[in-house]
Structure formats: structure tokens, C-alpha cells
Amino acid sequence: MSNRIVVTNDGSHSIFNPKINECYHSKHGAIVEAEHVFIKNGFSAVNKHKLNILEVGFGTGLNALLTYQKTMQKLIKVNYHAIEPCPVDEDYYMKLNFTDLIGLDKEKLLDLHNCTWEERHRISSYFTLTKNNTSLEKYKTNVNFDIIYFDAFSPDKQPEIWDEKIFKKLYGLLKDNGFLVTYCAKGVVKRTMKNVGFEVVVLDGPPGKRQMTRSNKSISER
Ligand SMILES: C[S@@+](CC[C@H](N)C(=O)[O-])C[C@H]1O[C@@H](n2cnc3c(N)ncnc32)[C@H](O)[C@@H]1O
């Protein structure tokens, strides 16, 4: 069984993975969800002119694309790092309709996908991209991040990536006062994050989901 492109409720595409039996985004709207969870409550929640961002699960490139667009609008420099063990095939990413819906050239999404792995690419004077073709479990870096976009498959489908060992690693990858954002607000996940030292804040979720989570490293308060 192979992946297939689906249309979500805001008209934007997503990919359905039949092996995991889950979509890459909310059926209520891929762009609407990404804008709410990662842009509004992630990127736009920091008042800095230069940010290091790590995305767990590059997938369709939607979060990177939206972040790239915001850097141009807000004149904020971003070093964007993304981890992806199973890259989306060209046949799929060529067809995704994100750029049409957000008013960017089609080429921009292709630029992000066509970048070689394990190298830093200057996409614009405000946005560099480093993609790592590995899993979060194996990922190594010397970079510390202001924000982590944690966009893995759900804990029901991929429990191993929502456990204490992983959150300890993510906590260690953040700068003091950095934070992680995720669409997930499941009780067991919030407890695991608290156990490793995160201050967990529950925020309103995107359309169709009651809540989401922002987890602060908050070293200075402890
Ligand atoms: C819910 S999808 C979201 C993808 C992406 N953020 C997007 O907007 O299209 C989850 C992504 O995590 C990736 N993934 C799966 N296992 C992973 C792992 N162990 N480490 C990092 N990423 C993983 C999947 O291949 C998939 O691209």
C-alpha cells in the first residue's frame, strides 16, 4: 500500500500513510493547523531577530514553507533544521498545493525539497535550511534551538517517539528558555514532558482540536 494525497477541510493537501493509518496533518485543515500550532504559537511567540528552529518530521515541508514565508514578512533570520527518516517522494511533493494557497511560487516548496541532505542551504537572506535524513533517535547536533516543532505521528501510532528518553533528548537540545510546540495535548504525553523538567502549558488547539501544548525549558525558574 502506498501513500496518497488527500484534501483537508481548508482545501490544502496532506498525505495519508496507510501503513501507519494516519494523515500527516489534521483533516480539519493542514495549513490552518500548521499556522496555529507552529507559526502562531511557535515562531510568532518569540520576540527575537534570529532563531534556531528544529522540526521533528520534515514530511511535506509545510512547516518549513510557512516559516520561510514568515521570515520574509517579519524580517527575522531563521536557521531551520529538520529531521526526516522517510522523505516524501518527488511524485508527491510536486503535486502539493500549499504554495497556491499561501501565495508563493510553486518553486519555493520544490527548493526546500530539492536541497541535499546534511548540508546547510541558504534559501534566502533570512532563511537557511539543513535537512537531516535520519530519525530523531539517531540525530546528533551541536546546535541549540530556540524552538522545536514536534510534528511526529501521534502517540497512538508511534509511541516510541513520545517517551521519556526522547523528551530528555529534546530538552537537552533546547536553549535555556527555549520551548517545544506540538499539536498533541494527551495526558500521558504532558506527564512525560513534566517528568523530564518541562513546564507544560496547554493552549487552545486549532479548529477541530480542543487543545495543543507548549513546553518551556524555563531553566531560570528552577
Ligand atoms: C505527522 S507527519 C508530519 C510531517 C511534516 N511536519 C509535515 O507537515 O508534512 C510525521 C513525520 O515524522 C516523520 N517521522 C517518522 N518517524 C520519525 C522519527 N523516528 N524521527 C523523526 N521523524 C520521524 C514521518 O516520516 C513524517 O514525515
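1. In this predicted model, strands S2 and S3 form a hairpin with 4 residues between them, and within that turn Asn 21 has a positive phi of about 60°. The two strands run antiparallel and are joined by 2 bridges, with S3 covering residues 22-23. On the residue level, Asn 17 stands opposite Glu 22 of S3, while Phe 16 stands opposite Cys 23 in that strand.

2. Strand S2 also takes part in a hairpin with S1, and here 5 residues lie between the strands, with Gly 11 taking a positive phi near 90°. S1, made of residues 4-7, runs antiparallel to S2 and is joined to it by 4 bridges. One residue match that can be checked in the viewer is that of Val 6, whose bridge partner in S2 is Ser 14.

3. Taken together, these strands make an open sheet of 3 strands in the order S1-S2-S3, with antiparallel pairing. S1 and S3 stand at the edges and have a single partner strand each, so one side of each is left without a neighbour in the sheet. As general background, strands of a sheet pair through backbone hydrogen bonds, either parallel or antiparallel.

4. How many of the residues of strand S2 are buried? For S2, which spans residues 13-17, the count is 5 of the 5 residues, so the strand is largely enclosed by the rest of the structure. Both of its faces are covered, since His 13, Ile 15 and Asn 17 are buried on one side, and Ser 14 and Phe 16 are buried on the other. Ser 14, the bridge partner of Val 6, and Asn 17, which stands opposite Glu 22, thus appear in the pairing as well as among the buried residues.

5. Helix H1 (residues 30-40) and helix H2 (residues 62-74) have axes that come within 10 Å and cross at roughly 65°, and the crossing is right-handed. From H1 the contact draws on Ala 30, Ile 31, Ala 34, Glu 35, Phe 38 and Ile 39, and from H2 on Leu 62, Asn 63, Leu 66, Thr 67 and Lys 70. Sorted by class, the contact has 7 nonpolar, 2 polar and 2 charged residues.

6. On the cysteines, a colleague may wish to know that the structure holds 0 disulfides. Cys 86 is in no disulfide, and the nearest cysteine sulfur, which belongs to Cys 23, is 16 Å away. For Cys 115, the closest cysteine sulfur is that of Cys 86 at 19 Å, which is too far for a bond. A disulfide is, in general terms, a covalent bond between the sulfur atoms of two cysteines.

7. Is Cys 115 buried or exposed? With a relative accessibility of 9%, Cys 115 counts as buried, because the cut-off for that class is under 20%. Cys 86, by comparison, has a relative accessible area of 53% and is exposed. Cys 115 is found in the loop between helix H5 (106-114) and strand S6 (120-124). Not counting residues up to four places away in sequence, Cys 115 touches His 121, Ile 123, Leu 129 and Lys 131. His 81 lies 34 residues from Cys 115 in sequence, and the C-alpha atoms of these two residues are 12 Å apart in space.

8. Thr 192 lies in helix H7, which covers residues 187-195, and at 12% relative accessibility this threonine counts as buried. When neighbours within four places in sequence are left aside, Thr 192 is in contact with Trp 162, Asp 163, Glu 164 and Phe 167.

9. Arg 210 lies in the loop between strand S10 (199-204) and strand S11 (211-216), and with a relative accessible area of 70% this arginine is exposed. Leaving aside neighbours within four places in sequence, Arg 210 is in contact with Leu 203, Asp 204 and Gly 205. Ala 185 is 25 residues from Arg 210 along the chain, and the C-alpha atoms of the two are separated by 8.8 Å.

Conventions:
Residues are numbered from 1 along each chain as its sequence is written. This is a predicted model: local features need pLDDT of at least 70, side-chain atom pairs count only at pLDDT 80 or more; totals for chains, interfaces and linings use all residues. Side-chain values use heavy atoms; hydrogens and water are left out. Axes are lines fitted to C-alpha atoms, for helices over the stretch in contact, and angles run from 0 to 180 degrees between N-to-C directions. A crossing is left-handed if the near helix is turned anticlockwise from the far one by less than a right angle, and right-handed if clockwise. Contact means heavy atoms within 4.5 Å. Ala, Val, Leu, Ile, Met, Phe, Trp, Tyr, Cys and Pro count as nonpolar, Asp, Glu, Lys and Arg as charged, and the others, Gly among them, as polar. Buried means under 20% relative accessible area, exposed over 50%, partly exposed in between (1.4 Å probe, protein chains only). Two strands pair if DSSP finds at least two bridges between them. A disulfide is a pair of cysteine sulfur atoms within 2.5 Å.
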